[in-house]
Each structure stands twice: as C-alpha cells, then as structure tokens.
Amino acid sequence: MKILTSFGDTVNARHIDDAVRVLRDGGVLIYPTDTIYALGCDALNSRAIERLCRLKGINPDKQLLSIVCASMSQAAEYARVDNRAFKLMKTCLPGPFTMILPSASPLPKVFKGRKSVGVRIPDNSIARALAEGLGNPIMTTSVAPADEDDITSPDALELAYHYDADLLIDAGEGGRTGSTIINCLDSSSPEIVRQGLGVIDL
C-alpha cells in the first residue's frame, strides 16, 4: 500500500493525480471524508466495484451502493435529481449527508439492480478533488476494521487494509460518526433513515 500524507483536507495536486491513476487502473484507495475515512474505487469500473464489494462484504443486490461526487452538476449526471430534491441538496451539500436518489443510466449494471444510489458531496476538499480529477464519481463505503476503535487512525487503517487497498491518503485522525442518510426517492416527503453527523430540519 502506498501512503500519501496530507495536512487536514488541504488538496495536494500531485497526490490527487497519483490517487486518480490508482482509481483509473481499477484500484481501491482509502481517503478522508467529512465523516469517517472511506474505501473508494472508480464508480464506472465494474471490476473495481466487484473487488470493493468483496473486500467490504457488500451484497450489491441487497445493500445500498453510494457514490461521492465533486459537485451537484456531477451528481445530476449519475442520479435523477428533480426540483424538490435539488432544493434540499442545495441546503445541505457539501456536507455529511447521503441522499438516496433514483440511479441514472450512466452507472454500471451493479447499481441498477436496486434502482437507487446514495449520493454524497462531502465537505472535504480531498474527497471532492478525487471525483473531479477522475471525471466521474467514486463508489464509496466507510471503512470498518475488525476493531471499531481504530476507524479514526490512519496507522490502524494501514494495518487493517495493507494487503487489500492500493493507496491511503493520510489526512490525520478521522471521524467516528457516519453521514445522515436521507431517502429522497419520493422528494415530496424526504425521510431520514439514519441519523448521523449531519443535522437537518426536513
């Protein structure tokens, strides 16, 4: 595993270039978000997605798959965002929220099995720069080492995923609380399905 050291969420262009190369080659990386450190791969690379699902024990037929996007405009290319959902997203993104939306056709077949996708635009410059540099979203899932006490420590993440991930962006201690998940499939009555770090009045 290659390790790139950052300072908080300060974007280092060379680091982003290195990480984007890993993503384009079908690799898996560990990177910071505004909540918990995440595992990510190119969301348009089916083989990389299968690798990440095996690594994390995700059944894509039964579990929500999520993507990190660089911006609202990028999100709108890969999820169907109607006017009501757009207004809600504008109030809380970038931020620690995952919005469940109908998936759009550019996403690989693995996303279409459930016809929905979790969309994140984190309040973290590195995470957004990765999706921007890649030119499309990153499939993302929170890290979950065997010892949950170690989810914030880059050193512990390196030990836990040394043989499974290709690159770690070390931005210091991470968070312990996941994002708040909002179901926007019916945008007229959005519903919080998991309360996490983000707080919003619906």
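**Salt bridges and a cis peptide bond**

D34 counts as buried, at 17% relative accessibility. That value falls under the 20% cut-off for the buried class. The model is predicted. In this model, the side chain of D34 meets that of R120 in a salt bridge, with an N to O distance of 2.6 Å. D34 sits in the loop between β2 (29-31) and β3 (38-42), and R120 belongs to strand β6 (residues 116-120), so the pair ties together parts that are 86 residues apart in sequence. R120 is buried as well, with a relative accessible area of 6%.

A search of the whole structure finds four salt bridges. The D34 and R120 pair is one salt bridge. Another joins D166 to R51, whose closest N and O atoms are 2.9 Å apart. D166 lies in the loop between α7 (154-161) and β8 (167-170), while R51 lies in helix α2 (residues 46-56), so this pair ties together parts that are 115 residues apart in sequence. D166 has 31% relative accessibility and counts as partly exposed. R51 is also partly exposed, with a relative accessible area of 25%. Both values fall between the cut-offs of 20% and 50%, so both residues take the intermediate class.

A further salt bridge is formed by R21 and D18. Their closest N and O atoms are 2.3 Å apart. Both residues lie in helix α1 (residues 13-24). They are three residues apart, about one turn of the helix. R21 is partly exposed, at 47% relative accessibility. D18, at 19%, counts as buried. The class of D18 follows because its value is under 20%. The pair thus joins a partly exposed arginine to a buried aspartate. R21 and D18 also take part in a network of salt bridges, in which K2 is linked with them.

The backbone holds a further feature. A cis peptide bond joins L93 and P94. Its omega is about 0°. Most peptide bonds are trans. P94 is found in the loop between α4 (83-92) and β5 (97-102).

Methods
Residues are numbered from 1 along each chain as its sequence is written. This is a predicted model: local features need pLDDT of at least 70, side-chain atom pairs count only at pLDDT 80 or more; totals for chains, interfaces and linings use all residues. Side-chain values use heavy atoms; hydrogens and water are left out. Helices (H or I, at least four residues) and strands (E, at least two) are DSSP runs, numbered from the N terminus. Buried means under 20% relative accessible area, exposed over 50%, partly exposed in between (1.4 Å probe, protein chains only).
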